[in-house]
Amino acid sequence: MAGRATTALAAAAALALALAGCGGGTKDEAGGGATGGSTAPTVRLPRLNGQKLQVTAVWTGPERENFVKVLDEFEKRTGAKVDFVPSGDDMAGFIGSKVAGGGPPDIAMLQQVGVLNEFAQKGWLKPLGAAARAQLAKNYTKGWQDLGAHKGTPYGVYFKASNKSLVWYNAKAFENAGVAEPKDWKGFLKTAQTLAESGVEPVSVGGSDGWTLTDWFENVYLSQAGPEKYDRLARHEIKWTDPSVEQALTTLGQLFGRKDLLAGGNSGALATDFPTSVTQTFSGGDAPKAAMVSSADFAAANITQTKSKVGTDAKVFAFPAVGAKSPVVTGGDVAVALKDSKASQALLTFLASTDAAKIWAQAGGFISPNKELDQAAYANSVMRKIAKALVAAGDDFRFDMSDQAPASFGGKPGQGEWKDLQDFLKSPKDIAGTQAQLEKDAAKSFGR
């Protein structure tokens with residue numbers, strides 16, 4: 001554990017160095033973009049004329065549009081017809097109702113490791129076939145392969161990854177306020193204060209989507225408490241009433257307890273959804289509603305919905321170090337089969353290939369844990385450097401803590417950790433009450 005912790009922190013330092021320059025392989029199949037790489041397919045797919053597939057994911061807006069481009073290419077190469085069905089934020093509830101009704105989708109893109117394990121335990125998932133396993137072994141490190149497995153059996157392909165330890169900022173707002181990218185938490189709060197004094201509300205928080213608040217907590221906790229305690233809290237081997245949690249909430253309260261540092265104050269943050277938290281930071285010209293937003297790399301897709309350009313108007317820095325190093329928290333969407341068919345296995349094989357990853361990489365707002373993907377495929381230098389840092393970290397990363405928990409605690413709107421942290425954003429001085437409620441909900445979900 002100690003060696004892994006050291007290398008994880010080293011990976012954080014590498015990420016910070018990679019992002020410092022964010023001002024601006026193998027053969028892959030063309031996906032409609034203008035970036036480099038061969039157009040030769042790297043994976044053979046069967047003909048599936050007349051076969052139909054239903055795929056579900058949480059993605060909406062530009063994310064959905066870009067994923068459909070991937071599905072369109074699969075249709076073109078196989079002759080199958082793919083129907084995309086949005087699941088809503090409660091993927092576990094959506095799938096559960098479909099299974100109960102006897103009509104689950106063929107493929108689901110799960111966001112929580114905990115949900116994958118729950119579904120596999122219930123016997124709902126179908127193991128990966130030989131072709132998909134071959135692509136997985138060729139293109140993914142052991143860490144990502146292990147995340148998609150349950151008790152040693154491979155079930156999932158991590159098609160889309162995310163680096164959640166980032167802060168995007170409005171370059172013009174920073175320039176007008178005369179501030180630079182902060183490196184640590186103290187500098188971050190000072191920067192926010194200066195931005196507020198310049199007339200721009202500093203930090204945009206999408207509090208109506210509770211998962212954004214778990215990301216804030218996890219970044220602070222990982223940097224402050226360290227990887228070993230992070231792993232133990234993720235498994236509920238230490239309680240949420242632990243002093244390390246108190247310390248992290250106290251630190252986070254230094255931001256959440258200052259309504260003048262939050263866009264719209266605490267009530268405004270609680271009423272803001274994730275897409276708006278991003279777009280309001282990069283809209284409004286010289287008078288944006290916020291100067292910065294802590295969000296994963298996929299915020300780039302939302303930024304494209306504004307007039308701002310990633311790399312010039314919208315820039316990014318590593319989440320500020322609270323402890324010795326900046327954190328590296330990752331997330332991801334794992335493709336699993338709920339029906340075992342030739343078509344579903346073919347789609348999993350395609351999603352595990354560089355061919356599929358390249359299509360969305362070219363479209364933007366996407367990074368892949370696929371280590372064989374030609375980095376030239378990424379739409380701009382910012383995404384290229386974020387993806388390069390993720391791949392360079394190898395297996396030395398920490399996966400989103402809430403996504404590792406049972407869905408009832410870490411993955412459902414209006415309950416568990418999502419609601420508890422929304423209540424904390426509403427009353428950031430109630431640290432003891434927040435800890436007690438988190439522990440109560442975690443103990444119930446983990447069964448201890």
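Good morning. Two residues are said to be in contact when they have heavy atoms within 4.5 Å of each other. With that term in place, let us turn to this structure, which is a predicted model.

I begin with serine 162, which belongs to strand S6, residues 157-163. Which residues does serine 162 touch, leaving aside its neighbours within four places in sequence? The contacts are Ala296, Asp297, Phe298, Val329, Thr330, Gly331, Gly332 and Ile367. Is serine 162 buried or exposed? Its relative accessibility is 4%, and buried means under 20%, so serine 162 counts as buried.

Strand S6 leads us to the largest pocket, since S6 is among the elements that give two or more residues to its lining. The others are helix H2 (61-78), helix H9 (211-225), helix H13 (274-279), strand S11 (329-337) and helix H18 (401-404). The space in this pocket comes to about 610 Å³. It is lined by 32 residues, and those closest to its centre are Val58, Glu63, Gln111, Trp211 and Phe274. Sorted by class, the lining holds eight nonpolar, 14 polar and ten charged residues.

My last topic is a pair of helices. Helix H20, residues 416-426, packs against helix H21, residues 431-446, at an angle of about 170°, and their axes lie 9 Å apart. Angles over 145 degrees count as roughly antiparallel, and therefore H20 is roughly antiparallel to H21. On the H20 side, Gly416, Glu417, Asp420 and Phe424 take part; they meet Ile431, Thr434, Gln437, Leu438 and Asp441 of H21. This contact is made up of three nonpolar, three polar and three charged residues.

Thank you for your attention.

Methods: Residues are numbered from 1 along each chain as its sequence is written. This is a predicted model: local features need pLDDT of at least 70, side-chain atom pairs count only at pLDDT 80 or more; totals for chains, interfaces and linings use all residues. Side-chain values use heavy atoms; hydrogens and water are left out. Axes are lines fitted to C-alpha atoms, for helices over the stretch in contact, and angles run from 0 to 180 degrees between N-to-C directions. Helices (H or I, at least four residues) and strands (E, at least two) are DSSP runs, numbered from the N terminus. Angles under 35 degrees count as roughly parallel, over 145 as roughly antiparallel, 65 to 115 as roughly perpendicular and the rest as oblique. Ala, Val, Leu, Ile, Met, Phe, Trp, Tyr, Cys and Pro count as nonpolar, Asp, Glu, Lys and Arg as charged, and the others, Gly among them, as polar. Buried means under 20% relative accessible area, exposed over 50%, partly exposed in between (1.4 Å probe, protein chains only). On a 1 Å grid over the protein atoms alone, a cavity is a set of points where a 1.4 Å probe fits but cannot get out, and a pocket is an open set with protein on both sides within 12 Å along at least five of seven lines; lining residues have an atom within 4 Å of a point. Grid points are joined across faces, edges and corners, and a volume is the space filled by probe spheres set on the points.
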